[in-house]
Amino acid sequence: MNRREFFTPTNRSNTAETLAPPSIEKVAAPKRINRGLATGLSPYAGAWGQDQVVHLLRRTMFGAKMADINYFKGKFMSQAVDELLTVNTTPPSPPINNYSGGVNKDPNIAEGATWVNGPDDPNYNGQRRQSLKYWWTGLMINQDRTILEKMTLFWHNHFSTQSTIYNSTIWGYNYLATLRGNAVGNFKDLAKKMTIDPAMLNYLNGDKNTKNAPDENLGRELQELFTVGKDLANHYTEDDVKAAAKVITGWRINKTTFQSYFDSTKHETSNKQFSAFYNNTVIQGKSGSTAGDVELDDLLTMIFAQNEVAKFMCRKLYRFFVYYDIDATTETNVIEPLATIFRNSGYDIKTVLTALLKSEHFFDAANMGCIIKSPVDFNVGLIRQFEVDFPTAATYETQYSMWGQVWSVGYIQQQDILDPPNVAGWPAYYQIPSFHELWINSDTLPKRNQIADLLLYVGIKRSGFTLIIDTIAVAHMMSQPDNPNTLIDDLCKYLHGTLTLSQTEKDTIKIAALLSGQVTDSYWTTAWNDYLANPTVAAKKKIVTDRLMLLIRYLLDLSEYQLS
Amino acid sequence: MKRRSFIKNTVPVAVLPSFLQGQNMAAYGPDSMLSRLAATFTDTDHVLVLVQLNGGNDGLNTVIPIDQYTNLNTARSNVMIPQNKVLALTGTSATGLHPAMTHLQNRYNNGQVSIIQSVGYPNPNYSHFRATDIWLTGSDSDKVLYNGWSGRYLSEEYPNFPTGYPNSNMPDPLAIQIGSIVSPVFQGLQVSMAMAISDPTTFYNLINGTTTTAPNTHAGHELAYIRTVASQTQQYATVIKAAAAKATNKSTLWPTIGTNKLADQLKIVSQLIAGGMKTRIYMVSLGGFDTHSVQVDPTDNTKGDHAKLLGYVSEAIDAFMDDCKLLNTHNRVLGMTFSEFGRRIKSNFSGGTDHGSAAPLFLFGNKVKGGIQGTNPTIPANVTVNDNIAMQHDFRQIYTTILSDWFCLNPTDVQTVMLQNFNKMDILQDTCTNNSVTEDIRRNSGKALVSIYPNPMQQSSTVEFESAGGVCVLSLIDTQGKHIRTIADDIYANGTHRINLDRAGLAAGTYYLRLQNGMNMQTRSLVVVD
């Protein structure tokens, strides 16, 4: 079966259902407010305080952790955005064989050595896939102060592939490396690299696309999902799909070098006629070893000449970084001027992100705290905000195993990185009208609470290591841990951003959690200082940890913590 | 051998062929005859209501030792209740109640309230937090436990929880805390065994009025959406709402909502019990007992903050007992008040009392034996600030008695929960007959992921566990939370696995064996005997 037919049409019209188990009641969404935000792309010139820093960091990284907040507070907004967009393009050390575990040895790859240079081995492909997923999770957890990891996830969702469908995890590693290496580079270049990327070629049957019987899968998605989109009523035609498929005939994968190459004998050399949508462009048929490259360039030049490409991409970036609801005002004030900037820059991603992230619209208070965290954002953000310790590379098996635990909770919460549900990516990023509300249902929400509880109370054990939140360390991050009122204020701000609890609720939780039913604030102060003076006395430590756990658990269980 | 280990491991072999001959194995499942039988028993299941008085209740002004009046008056004249205002108790002239507790006086005189004198523990602690922890966990003064005594009890009765819960044998929460945060008393061997609710119909904090309104912004829109899902998601929402809908409070003694916080909480408890909830333990609380200053009205020592609080307690318990009677649940409900400590004999100059040690507590219900346990504390003639009430009863004797004579646990299991052997007290009427069927149903309900047999262990036992695939870690920890040994830490294929557990130097006592397999976890207590 054509993979696209199998995955795309039915799944995409029913994506809401694919996330939700059948027994789940449908929730009637509350009535949406009328946005009508007046703000546009003018540079933001307002206050640069904790609220703004947290907003910027939560949207561009996974969770805003205290050290990062304090670091960027000391900069100007413009410097902060510039720094976040200056990414390190040196590849991190690659994923390794973490899977042999003393038995069932991979004959070609030593334990602890990287498998990304091959050779391929179907016996170990599945284990390497897990290795890659764990490794990527580790990169997110250990991210530096840039947008790189969030942007890599954006591109993975955009140029979506499924590692369980393409043949080789080594291709998967290279695919991911390309996304990382071009995360804030040039979009047109990235689109070309993705079109002939081995994982993508294999995933969308591009490696079987041949002159006698062109396979249209890749030619279609290149336009529909990767560049032009389907937002327009009047867009490319089915004949354009066929013509594009012919342009990209002949690309194959070298299974030894893991690179794609062009086989001119499989290439359709005739002229390719496009529709009025593309101004009746004819791409001249070529032959010989460079034909594939030249015709692909011509195809992308034709596609990228369409104004719709920049608009489509700006809407997608907007939904990922700002909010999903794009009304007419936002289209006019933000999307259109942003698309012009993108187009004029020759599709430079850094330029378009700079304009968006420095805009008064981005920092509009109405756009804060309104994105529902994706599972990855939730889990990695949780780990990062609480600075949970991980094993070091010296015990890489345990280290990968712990990264794997974080990956697996994302998996059960419906975001399995490297394996989105289909070529369109995760429905929460595109499905009208619910968008990221799709992440939350009666199955996934308790699982988010459970992982928070688990990390808070028991931890995850493996090989003598326990992954657990150190509540005392969390209290130390706050400005005055001995004052129960500022402790709660600080924690609320840290965990809930600009969404504030009422004073009544804060007082209630203070009495119930920190004061054990008392009303005298100094009891907490005394307990905390008593612990500080006697940090090794178990009873004194337990007095504060018990109460901090109750408090933090309550704050994490609140719906406010689901928002970014 | 423990009863549940015996049943669990022998029924399939020895009893099954004759007992269930020709029947589908499903007959042994959740909807089996046995389960239905069990269901008919559950209406008689006993319920415990814990009433926590936060802050340290002044026992000497609650249960007043009239025969010590002279010395007491010397020690605390500025807070002393005039002797002619002390409420008399039937059958004694030596002991009386604070004048604000007329309702409780009547209940006592009807034999529905027991007073236990001078409850405490050796080497008392005077910090609210530490003393509260000691009361909630049931630990020695110098030991730290990481779970609550009720949590350990419920872990013993429902060892599989939360895996496979709710189920038809136990469709309801095991324990309910009225309030917004579950008390550490319910912390079980690995998870909290209780849920917190404030209002059974909406799940919003109506009592405290705390839920913050979602703002009218995009964020507010998403917040409202998530809250809607959250309220539907609470796995017990439906059963609690159904129970609340099924029963209406009947007593006319309930005070107006908002005038007595304790009564408001007990009203919900009564409604849920009458609505058919199988929940075993409820906890309610009232704060404000930390009366360092002005605990009495200087113009009238029978009035003031402490009098108000005791009035709330008395009124709330009275209305609760009346409601239970009218709703016909009175024979299966036992209540107990407690506070982290009593207050100092000698009062201070600010018209209050400082932190003390032992204090009286109340048990209430139709099945208490009534009367006073123990004697009045002896008040010395020249009381100094260092003098405290000597303990007559260890609070864990009361827990032990409740576990044994109210929840009908056998002595081995009581000791597993309490971690030591405490002497039972003769304070409850005999209520434990023919309890074993429900007990075994209870203990086998849910899904067992790990089991140990034989348990108690002498030399070695077999650990049987379920893997859903992936890494399984089996760790043995002691009751102080200290890691003792890793039993397994490897990848186990989906299915059942067995591992031998050797005693290898383990001292006799209680241990916990914890299985972790991804998000699946289960903990079992293991008793090692010589």
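**Two chains, their contact and their cores**

Let me begin with chain A, which an automatic or database domain assignment divides into domain 1 (308-361) and domain 2 (471-562), with C-alpha centres lying 41 Å apart. This is a predicted model, in which local features need pLDDT of at least 70 and side-chain atom pairs count only at pLDDT 80 or more, while totals for chains, interfaces and linings use all residues. Residues are numbered from 1 along each chain as its sequence is written, and chains are lettered from A and ligands numbered from 1 in the order in which they are written.

Turning to the contact between the chains, 56 residues come from chain A and 47 residues from chain B, where two residues are in contact if their C-beta atoms, placed from the backbone, lie within 7 Å. Among the elements of chain A that give two or more residues to this side are helix H22 (503-514) and helix H24 (538-557), helices being DSSP runs of H or I of at least four residues, and strands runs of E of at least two, numbered from the N terminus.

Now the interior: the largest nonpolar core has 171 residues, a core being a set of buried Ala, Val, Leu, Ile, Met, Phe, Trp, Tyr and Cys residues joined through C-beta atoms within 7 Å, and a residue being buried if 20 or more other C-beta atoms lie within 10 Å of its own, exposed if 12 or fewer, and partly exposed in between. H24(A) gives the most to this core, with 10 residues. A second, separate core of 108 residues includes Leu154(B) and Phe289(B).
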